[in-house]
Amino acid sequence: MAITPSDEFSLEQQWREQFEAAPERDVSFTTLSGVPIEPLYTQSDLPDDPAAAIGLPGQYPFTRGVYPSMYRGRLWTMRQFAGFGSAEQTNERFRYLLDHGQTGLSTAFDMPSLMGHDSDSPLSLGEVGREGVAVDTLDDMETLFAGIDLGEVSVSMTMNAPAAVMLAYYVVAAERQGIPADRLAGTIQADILKEYIAQKEWCFPIDPAMRVMGDMIEWCSQEMPRWHPVSISGYHIREAGSTAAQELAFTLKDGLTYVEEAVERGLDVDDFAPRLSFFFNAQVDFFEEIAKYRAARRIWARELKETFGAKNPKSWLMRFHTQTAGVSLTAQQPLNNVVRTAIEALAGVLGGTQSLHTNSYDEALALPTEDAVRLALRTQQIIAFETGVTNTIDPLGGSYFVESLTDKIEAEAYEYFRKIDELGGMVAAVKANYPQREIADASYELQQEIDAGRRVVVGVNAYVEEDESQTALHRSDPATERNQVERLNAVRARRNGGEVEASLVRLREAAANEGSNLMPLLIDCTRTYASEGEIVQALQDVFGKYTESPVF
Amino acid sequence: MTAATAPHKIRVVVAKPGLDGHDRGAKIIARALRDAGMEVIYTGLHQTPEQIVETVVQEDADAVGLSILSGAHMTLVPKIVTLLSDQGIDDVVVTVGGTIPADDIPELKKLGVAAVFTPGAPTQEIIDFLTSAVGEREPR
């Protein structure tokens with residue numbers, strides 16, 4: 001006899017009675033972000049019209065993935081973020097990674113480069129080449145990619161406030177290799193709003209920073225058809241302590257704001273939207289992360305199609321890079337981080353990521369060693385080639401739990417959109433410290449849960465080992481800073497000072513004139529070997545600097 | 001209640017020297033110390049050693065917590081400690097937090113850093129440490 005719906009209801013009731021008869025463990029069943037989770041999800045938790053809401057891969061609303069074939073067609077790009085010391089040292093690491101099967105490059109810059117300071121600035125003391133590679137002039141950029149065919153490899157650059165300057169360096173460095181800008185493939189992060197929200201690396205006040213970014217997007221849409229001029233990033237928002245829903249909401253709202261600005265400049269949405277890409281965190285709460293990526297695709301597709309009227313289906317696709325959560329790594333029992341990273345990476349893969357960086361287990365202690373980096377890359381290769389998870393597309397699609405969590409996180413994101421709109425949009429909300437405050441509250445709450453032992457972090461507040469054995473760590477070379485300053489001085493001595501000055505004067509004039517696009521001017525400055533610090537200073541002469549009023 | 005019997009409210013400067021923007025930890029600590037009844041002055045990001053020492057002096061702080069995640073601690077901390085002693089300040093409890101390799105901790109302590117808190121340190125441990133370290137100093 002077939003089971004009728006009413007039988008099903010009574011079966012569910014029966015289950016509930018049995019379930020409630022046995023005591024539950026005395027813990028809180030919530031996600032890492034604090035979302036309460038039911039003991040069981042059933043068919044009744046699916047959306048009303050599952051076919052429309054979930055759909056098929058490569059079809060609107062793209063819940064199940066942006067491409068029809070996903071990993072059956074092509075695996076994600078294994079892209080390990082690397083950079084330290086001098087351009088020469090990082091160039092060596094890049095070649096090492098390419099030799100070990102990595103398929104794209106991702107550049108980490110040092111703090112002075114990220115903040116627009118030269119290596120010889122007093123503010124750079126102790127930071128040169130430490131957290132990434134030091135790049136002061138075109139000369140460093142040429143060295144960084146020496147012997148690497150920029151027409152073949154796609155290169156990602158994690159660079160934000162001075163992104164337009166670094167892109168100019170990159171374009172000229174490639175040109176010297178004989179590769180024109182329209183052949184360059186890759187991504188520059190250049191997501192400035194999340195800097196004010198979370199990562200806190202800035203050069204200019206928000207409004208001129210938005211203009212510089214807009215200039216770059218506009219220029220790229222004309223000159224660099226294979227380039228992603230912005231990677232709209234939730235990673236740092238999450239690292240700063242946000243919840244999954246906040247990461248999703250603030251990131252997508254940042255992205256929608258960039259779309260709005262570009263449309264206001266007169267660009268056709270379909271001319272640039274296909275080149276926008278995203279960057280998300282993969283935290284350790286497995287299903288919550290997967291739901292986040294699925295919801296993100298659906299929201300982006302809907303907003304681009306319905307709100308902005310994009311006609312090209314490529315404009316609707318939310319393609320994204322994933323990095324496992326640095327903040328989930330513990331300094332205690334660092335090998336446990338291998339396990340955390342593997343689970344996070346798997347969430348990224350089951351969430352349909354286009355590229356992935358896996359963190360190294362020693363990164364809560366220092367920059368990673370070469371062995372740790374290799375193990376992190378091997379983790380991705382094991383997922384890709386041994387586990388079988390790539391055999392079928394979106395294997396979790398239709399899961400009662402995953403679909404329900406996807407709907408929930410999507411609704412939460414729209415609730416944040418509403419609040420941000422009430423504040424006058426994202427730029428106004430950031431100026432009012434709204435996302436900053438939400439993140440600070442969420443991160444404090446989570447820390448309190450951990451401190452109180454309500455949330456277990458293995459090796460930190462449970463299963464603690466006294467006398468841990470020491471891990472071999474990467475040590476920065478103290479000579480790096482001195483050598484880099486010497487390199488910079490040598491470039492300064494070699495170049496034509498008059499040409500540098502003249503190019504900076506023209507840059508200042510263009511900066512003062514809202515209507516002119518700064519990119520061609522930045523390329524001119526690059527050719528004269530003007531340093532990053534000199535270029536940023538010239539812009540600051542016009543734009544001023546930014547000072548945060550922190551909330552905690 | 002007279003001044004003599006009033007419990008001294010500990011004044012702490014939480015500072016972010018250098019260029020790194022990782023302020024999650026600093027802000028959590030600042031808030032936890034505030035919730036524990038301390039007077040907290042958070043400097044904000046990207047502070048030079050000179051700016052931090054100036055804040056410590058101006059705020060008449062009992063303690064200063066330096067949060068560094070960029071790896072520049074062996075450059076920045078000695079500079080701050082030297083600037084403090086140049087100003088004749090020897091009674092401010094200096095602590096450091098962040099990604100600090102274990103090997104560097106003895107050296108930092110030799111410089112006069114009272115405690116180093118690495119990732120995973122519970123906020124209560126930091127509160128307790130400051131309460132007792134500030135309490136043990138000679139009364140000012």
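# Exercises on a predicted two-chain model

Let's start with one pair: Val13(B) stands opposite Ile41(B), which sits in β2(B). This is a predicted model, where local features need pLDDT of at least 70, side-chain atom pairs count only at pLDDT 80 or more, and totals for chains, interfaces and linings use all residues. Residues are numbered from 1 along each chain as its sequence is written, while chains are lettered from A and ligands numbered from 1 in the order in which they are written.

## Exercise 1: the sheet of chain B

Task: find which strands make up the open sheet of chain B and which of them are the edge strands.

Step 1. Go back to the opening pair. Strand β1 (residues 11-15) of chain B is joined to β2(B) by four bridges, and the two run parallel. Strands here are DSSP runs of E with at least two residues, helices are runs of H or I with at least four residues, and both are numbered from the N terminus. Two strands count as paired if DSSP finds at least two bridges between them. Another bridge partnership here links Arg11(B) with Glu39(B) in β2(B).

Step 2. Put the strands in order: the open sheet has five, running β2-β1-β3-β4-β5 (chain B), with parallel pairing. The edges are β2 and β5 (115-117) of chain B, each pairing on one side only. From one strand to the next, the twist averages 20°.

Step 3. Add a helix. Helix α2 (residues 49-58) of chain B packs on this sheet and touches β1, β2 and β3 (63-68) of chain B; its direction makes about 165° with that of β1(B). Contact means that the C-beta atoms of two residues, placed from the backbone, lie within 7 Å. For the angle, axes are lines fitted to C-alpha atoms, for helices over the stretch in contact, and angles run from 0 to 180 degrees between N-to-C directions.

Step 4. Look at the two faces of strand β2 (residues 39-42) of chain B: Val40(B) and Tyr42(B) are on the covered face, Glu39(B) and Ile41(B) on the uncovered one. In a regular strand, side chains alternate between the two faces of the sheet.

## Exercise 2: chain B as a whole

Task: work out what pattern chain B follows along the sequence and what its radius of gyration is.

Step 1. Chain B has five helices and five strands. Along the sequence they read β-α-β-α-β-α-β-α-β-α.

Step 2. The radius of gyration of chain B is 14 Å, close to the 14 Å that the globule rule gives for 140 residues, so chain B is as compact as a globular protein of that length. This radius is taken over C-alpha atoms, and the rule is 2.2 Å times the number of residues to the power 0.38.

Step 3. Of the 140 residues of chain B, 50% count as buried. A residue is buried if 20 or more other C-beta atoms lie within 10 Å of its own, exposed if 12 or fewer, and partly exposed in between, with C-beta atoms placed from the backbone.

## Exercise 3: over to chain A

Task: describe the sheet of chain A that includes β9, and find which helix packs on it.

Step 1. Chain A has 22 helices and ten strands. Five strands form an open sheet in the order β1-β10-β9-β8-β7 (chain A), paired in parallel. Its edge strands are β1 (77-78) and β7 (231-233) of chain A, each pairing on one side only.

Step 2. Zoom in on strand β9 (residues 320-324) of chain A: three bridges join it to β10 (residues 355-357) of chain A. Gln323(A) stands opposite His357(A) in β10(A).

Step 3. The helix is α11 (residues 244-264) of chain A, which touches β7 and β8 (277-282) of chain A; its direction makes about 145° with that of β7(A).

## Exercise 4: where the chains meet

Task: find which element of chain B gives the most residues to the side that touches chain A.

Step 1. Count both sides: 28 residues of chain B are in contact with 33 residues of chain A.

Step 2. The elements of chain B that give two or more residues are α1 (24-35), α3 (73-86) and α5 (123-136). The most comes from α1(B), with five residues.
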